[in-house]
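Here is a short briefing on one protein chain. Keep the sequence and the 3D view open while reading.

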Amino acid sequence: MRTAVRPRLELAALVLAAGPCCADAQTPERIAPDVDWANAEIVAVTMVNYEFVPDRLSFRRGVPYRLHLENHGSEIHDFSAPEFFKAIELRNPEVLGPYATRIVVRLNEAKDMDFIATRAGSYELTCADHDWAGMTARITVE
Ligand SMILES: [Cu+2]
């Protein structure tokens with residue numbers, strides 16, 4: 001029955017719109033459904049003018065993480081790491097934007113990215129707008 005189905009769809013849309021804040025949000029097919037996101041390891045990165053704090057990030061393969069980004073600077077900053085993004089499975093790929101290369105974080109804004117790293121390596125992280133100012137960092141996946 002249509003009337004019975006529609007409210008559930010609207011609820012699903014609300015949950016999706018709410019984004020990574022909700023531990024119970026439906027997981028996309030890309031990631032195994034039995035991942036315990038409620039206990040994801042939280043890694044916080046602060047963006048200021050012009051650095052990532054910390055500027056060395058390390059993740060282990062197969063572990064669910066929530067990367068929490070906060071912009072405490074006075075300009076827009078972004079988390080650009082296209083090669084790193086290819087080495088992980090994202091629970092919320094929409095956070096990357098249309099080109100899947102960076103997460104833009106506006107002034108006083110915070111964004112979360114839930115992921116599991118799948119490929120070991122060393123990956124460059126930059127703010128695409130401020131790499132010239134030394135806003136670069138390094139991500140290691142073991
Ligand atoms: Cu920047």
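In this predicted model, Phe 59 sits opposite Val 141 of strand S10. That pair belongs to the parallel pairing of strand S3 (residues 56-59) with strand S10 (residues 136-141), which spans 4 bridges. The points below cover the strands, the unusual backbone spots in the loops, and the confidence values.

**Pairing around S10**

- Strand S10 also pairs with strand S9 (residues 121-126). These two run antiparallel and share 6 bridges.
- Leu 125 has Ala 137 in S10 as its bridge partner.
- S10 thus has a parallel partner in S3 and an antiparallel partner in S9.

**The five-stranded sheet**

- An open sheet is built from 5 strands, ordered S2-S1-S4-S8-S6, with mixed pairing.
- Its edges are strand S2 (51-53) and strand S6 (88-90), and each of them pairs on one side only.
- From one strand to the next, the twist averages 30°.
- Within this order, S4 and S8 are adjacent. Strand S4 (residues 64-71) and strand S8 (residues 110-117) run antiparallel and are joined by 7 bridges.
- Which residue of S8 stands opposite Arg 66? The residue is Asp 114.
- When following any strand by eye, remember that side chains in a regular strand alternate between the two faces of the sheet.

**Cis peptide bonds**

- Asn 49 and Tyr 50 are joined by a cis peptide bond, with omega about -5°.
- Tyr 50 lies in the loop between strand S1 (41-48) and S2.
- Val 53 and Pro 54 are also joined by a cis peptide bond, and here omega is about 0°.
- Pro 54 lies in the loop that runs between S2 and S3.
- Edge strand S2 covers 51-53, so look for one cis bond in the loop between S1 and S2 and another at Val 53 and Pro 54.

**Positive phi outside glycine**

- Ala 100 is not a glycine, yet its phi is positive, about 55°.
- The residue belongs to the loop between S6 and strand S7 (102-105).
- Is Ala 100 buried or exposed? Ala 100 is exposed, because 12 other C-beta atoms lie within 10 Å, and the cut-off for exposed is 12 or fewer.
- Asn 108 likewise has a positive phi, near 55°, and is a residue other than glycine.
- Asn 108 is placed in the loop between S7 and S8.
- Asn 108 counts as exposed because 10 other C-beta atoms are within 10 Å.

**Asn 92 in the S6-S7 loop**

- Asn 92 is found in the loop between S6 and S7, the loop that also holds Ala 100.
- Asn 92 is partly exposed, because it has 18 C-beta neighbours inside 10 Å. A buried residue would need 20 or more.
- How many residues separate Asn 92 and Met 113 in sequence? They are 21 residues apart, with 6.5 Å between their C-alpha atoms.

**Confidence**

- The chain has a mean pLDDT of 85, and 77% of its residues reach 70 or more.
- Residues 1-5 have pLDDT below 50, and this stretch has 0 contacts in the model beyond near neighbours in sequence.
- Residues 17-29 also stay under 50 in pLDDT. For that stretch the model has 16 contacts beyond four places in sequence.

Definitions and conventions:
Residues are numbered from 1 along each chain as its sequence is written. This is a predicted model: local features need pLDDT of at least 70, side-chain atom pairs count only at pLDDT 80 or more; totals for chains, interfaces and linings use all residues. Two strands pair if DSSP finds at least two bridges between them. Axes are lines fitted to C-alpha atoms, for helices over the stretch in contact, and angles run from 0 to 180 degrees between N-to-C directions. pLDDT is the predictor's confidence in each residue, from 0 to 100. Two residues are in contact if their C-beta atoms, placed from the backbone, lie within 7 Å.
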